[in-house]
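Subject: Structure handover and findings

Dear colleague,

Please find below the structure for your records. My notes on it follow directly after.

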Amino acid sequence: MDLRRRTFLDFWADARGNVAIIFGIAIIPLALAAAAAVDYGRALDAKTTTQSALDAAALATAKARKSMDDGPAIAEGVTAFQSNMAAGLPGVSATPAIAINDGTVTATVQFEFTTSLMRLAGINGIQVRNESRVGIQGLGKAEVVLVLDYSSSMLGQYEAMRDGAIGLINSITDDGASADIKTGLVPFSRYVHATLDGDYVLGGSSGTPWSNCTTGRKWPWVAQSATPRSDDDSKWGRLGDDSEADITGNPNYYDTCTGMTSNNLTIRPLTTNHAGTIAQLNAMTPLSDTNVAVGAEFGYHLLSPNPPWTEGAAYSDSEWRKIMILLSDGLHNRQGFGPGGIYTSDQGFENVDHICDAMKADGIIVVTVAYDLDDEDGKDQLQRCASDSNYYLEGDETNIATVFDNIGEILAAELYLSK
């Protein structure tokens, strides 16, 4: 064989051998790195699952502590943790340490997550540690407005809703004793009945009270919480697309609103007089059509710090949470004012979305309840209105009390899981 050819072949054989050796050496750390990535990913999933279980434990302890001593309440929390771990992370044995101090439940847990592939490097476990805290006091400082459907379709089923709402108020206010919770009511049907200074009403006079029914303001004011100004479009007072000449000439033009007051369907601004809120709930009875937009609009204004109602804290005040609970049993079916001065049912329907978006942009937590509602468009709208999917609930007269209980627990979980 030609010498040059043999030399080349020998060199080629040596080169291949070197590559194989280098690859053989390199594959060991590469394999260990891949193993570490897999095991760390599994450990991260375990940490996430454990955090959820620990949050549930802290919440269960805080809830139980309202009616139990520390020991039994902590036992409730441990049971909740173990139940959630068994469902989400079977085979992991861990017990949380739960303590109650200064009105706060602190739950911690630490365990070693067993590795599999990392054992090749002599690493048999990864330490997992989680912590959760929750305030026993519940919502802390919160402003809660219940915007409730009192249209005529609620006849025969409003009583169950009423009782559920009363149960929620008693729960979050410690049976009416809490001064850190403000409650308000906006019962809506075809209209909302409001009592305002005349300065905020078409044809009204500053300093002269106006008490009557109204639909929403004109566009774009309908989806804002800004105070009415000199612009007539920014003011309330319309029952619909009536002649403004008639309205502005006589702000008490409407005489078809007596049913709202006789059924006690009047706005109740934010207050710490929870017994009065409950008394009004007990007195209200349904009437007329379904105008979700006007209910949401006035709920927005009750929570806003801007006049005509000023009971709400400033949007920038982080101590106070603002919460609207909007319940309806039917599809919005009333006209509303839209861009260009149009006044149609479609625009009224769209205004619900605009108002909900504006509230959420201002930091208001919006909880919606579809109550015995079989209209898919209505359900979809309430889902869009809610702050997120956790804040949309469905129920009927057989379980609405449980739905309101769930609302209380959801709000406490969201607002007071501080770590």
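R162 and D163 form a salt bridge in this predicted model, with their closest N and O atoms 3.0 Å apart. R162 is buried, because its relative accessibility of 15% is under the 20% limit. D163, in contrast, counts as partly exposed at 43%. Elsewhere, R129, E131 and R133 are joined into one network by salt bridges that share partners. A search of the whole structure returns 14 salt bridges. As a general point, side chains of opposite charge can pair when their charged atoms come close.

Two further pairs deserve description. R65 forms a salt bridge with D70, and the closest N and O atoms of this pair are 2.5 Å apart. Both partners are partly exposed, R65 at 28% relative accessibility and D70 at 31%. The other pair is K141 and E319, where the closest N and O atoms are 3.6 Å apart. K141 belongs to strand 4 (residues 141-149), while E319 sits in the loop between helix 7 (292-303) and strand 9 (320-328), so this salt bridge ties together parts that are 178 residues apart in sequence. K141 has a relative accessibility of 25% and counts as partly exposed; E319 is partly exposed as well, with a relative accessible area of 48%.

Regarding unpaired charge at the surface, E159, D372, D374 and E397 form a negative patch. One of these residues, D374, is found in the loop between strand 12 (365-371) and helix 9 (376-385). D374 is exposed because its relative accessible area, 71%, is over the 50% limit.

Which side chains that count as buried have polar contacts to report? R238 is one of them, at 1% relative accessibility, and a polar atom of its side chain lies 3.3 Å from the backbone oxygen of K235. R238 is placed in the loop between strand 7 (209-214) and helix 4 (244-249). The C-alpha atoms of R238 and N212 are 9.9 Å apart in space, with the two positions 26 residues apart in sequence numbering. N351 is another buried residue, with 2% relative accessibility. N351 lies in helix 8 (residues 345-361), and its side chain makes a polar contact of 2.8 Å with the side chain of Q347.

The backbone also has several features that you may wish to examine. The peptide bond from W219 to P220 is cis, with omega near 0°, and P220 lies in the loop between strand 7 and helix 4, where R238 is also placed. The peptide bond from P307 to P308 is likewise cis, with omega near 20°. P308 is in the loop between helix 7 and strand 9, which also holds E319.

Finally, where do positive phi values occur at residues that are not glycine? D174 has a phi of about 55° and is placed in the loop between helix 3 (158-172) and strand 5 (181-188). D174 is exposed, with a relative accessible area of 55%. S288 has a phi of about 70° and is found in the loop between helix 6 (274-283) and helix 7. S288 counts as partly exposed, at 25% relative accessibility.

With kind regards

Terms used:
Residues numbered from 1 in each chain as written. Predicted model: local features only at pLDDT ≥ 70, side-chain atom pairs only at ≥ 80, totals over all residues. Heavy atoms only, no water. Patch = residues over 30% accessible without salt bridge, like charges linked within 9 Å, V, L, I, M, F, W, Y side chains within 5 Å. Areas by Shrake-Rupley, 256 points an atom, 1.4 Å probe, with all protein chains shown as cover. Salt bridge = Lys/Arg side-chain N within 4 Å of Asp/Glu carboxyl O. Lys, Arg positive; Asp, Glu negative; His and termini not counted. Charge placed at Lys NZ, Arg CZ, Asp CG, Glu CD. Helix = DSSP H or I, 4+ residues; strand = E, 2+ residues; numbered from the N terminus. Buried < 20%, exposed > 50% of the residue type's maximum accessible area, 1.4 Å probe, protein only. Polar contact = N/O pair within 3.5 Å; in protein donor to acceptor, adjacent residues only side chain to side chain.
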